[in-house]
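User: I would like to go through this model with some care, beginning with its cysteines and then turning to its helices.

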Amino acid sequence: MWVGMAMVHELGDLGRLLRELRRREARQRSGPELTYRDIAQKTGWSRGVIGAYFAGNVLPPIDRFDDLIRLLGATAAEQGVFASVRDVVEERRRHGTRSAGRSAGPTRRADHVRLAAFRTALSTLVPLAATALAASDPGVNLRVVEAEPAAATRLLSAGRVDVALLSTPADALAAADGDPRQRPLLYEPMYLVLPAGRPGDRLHDHAGQRWIAGPAGMDLMASCAEAGFTPDVAFTVDDPVAAQELVAAGLGVAVLYGLALAARRDPRVRTVRLPGPDRLVGAEVATRSIPPSVTTLLRCLAAAAAQLASRAAWTPLDTARPS
């Protein structure tokens, strides 16, 4: 483990740690150190920003820091330690900024709220909620990282985010009833996605077709099993836009959840809402004692979810659970 880890308190110390990690990666590879150009080609970030990270002038966002230390060869055990160190630096900078502001006289409050959101929520719920948050409380500084539900849960447990957007089976609403840490937001239906003009509104109508397993791949397998067949999965993709492109090209059929289609619906596909239980999308916090800034964010997320559900005519939360 790293000898100077306990001495990392400031942003400059974190830059030094990244430089040491880069040197170690080069030694282990028996090659030259990765240049800023090398890292830029692998990540898509600008060389100027990368240089600022290594110089200790800019604090990398959570997701970029995680990607960077993995690129520099940090082991799984080291990644958790480095992440904690980065969070310590951020916390010290936050408190230092507030202390400096108090010594100089009255300043505007700046509460930081950290949100982890999965991809389709990030492109639908989050923009609406973030806009409402900025309008209702400009003093709240929202920080967002993309993370699928399993990763978001880990970030929440580790204290690296304040709120995690999650998706669960619809009956999880009853299990969460009364728990202030869990806030249901909306029911998200599943849709059959077909090339425009192709008939058949039920899963088993397409039992003999090739299938595209998108982000809802596990639910696809379960739903097809209930319909009495095993789908012939020809494509497995994580991107709902790519799934729709493949469907539009006539290469197969797919199922997608509602937020994926709310984010972007290809006009070359036809969608059919499937019967059965919808998926529950909700927000979870780490503690029962919720700060006012987090409460404001939760209220904005709930309003954004209600707006999306109303627009798409999805099942409201205040009705009986869908079945």
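User: How many disulfides does a search of the whole structure find?

Analyst: This is a predicted model, in which local features need pLDDT (the predictor's confidence in each residue, from 0 to 100) of at least 70, side-chain atom pairs count only at pLDDT 80 or more, and totals for chains, interfaces and linings use all residues. Residues are numbered from 1 along each chain as its sequence is written, and side-chain values use heavy atoms, with hydrogens and water left out. Taking a disulfide as a pair of cysteine sulfur atoms within 2.5 Å, the number found in the whole structure is zero.

User: Is Cys224 buried or exposed?

Analyst: Buried means under 20% relative accessible area, exposed over 50% and partly exposed in between, with a 1.4 Å probe and protein chains only. Cys300, at 7% relative accessibility, counts as buried. Cys224 has a relative accessible area of 0%, so Cys224 is buried.

User: Within what arc do the buried residues of helix 4 fall, seen down its axis?

Analyst: Helices are DSSP runs of H or I, at least four residues, numbered from the N terminus. In helix 4, residues 62-71, the buried residues are Ile62, Phe65, Asp66, Leu68 and Ile69. They line one face of the helix, because the arc, taken from the directions from the helix axis to the C-beta atoms, is 165°.

User: Which residue with a positive phi follows helix 4?

Analyst: Beyond the end of helix 4 the phi is near 85° at one residue. That residue is Gly73.

Technical notes:
Helices (H or I, at least four residues) and strands (E, at least two) are DSSP runs, numbered from the N terminus.
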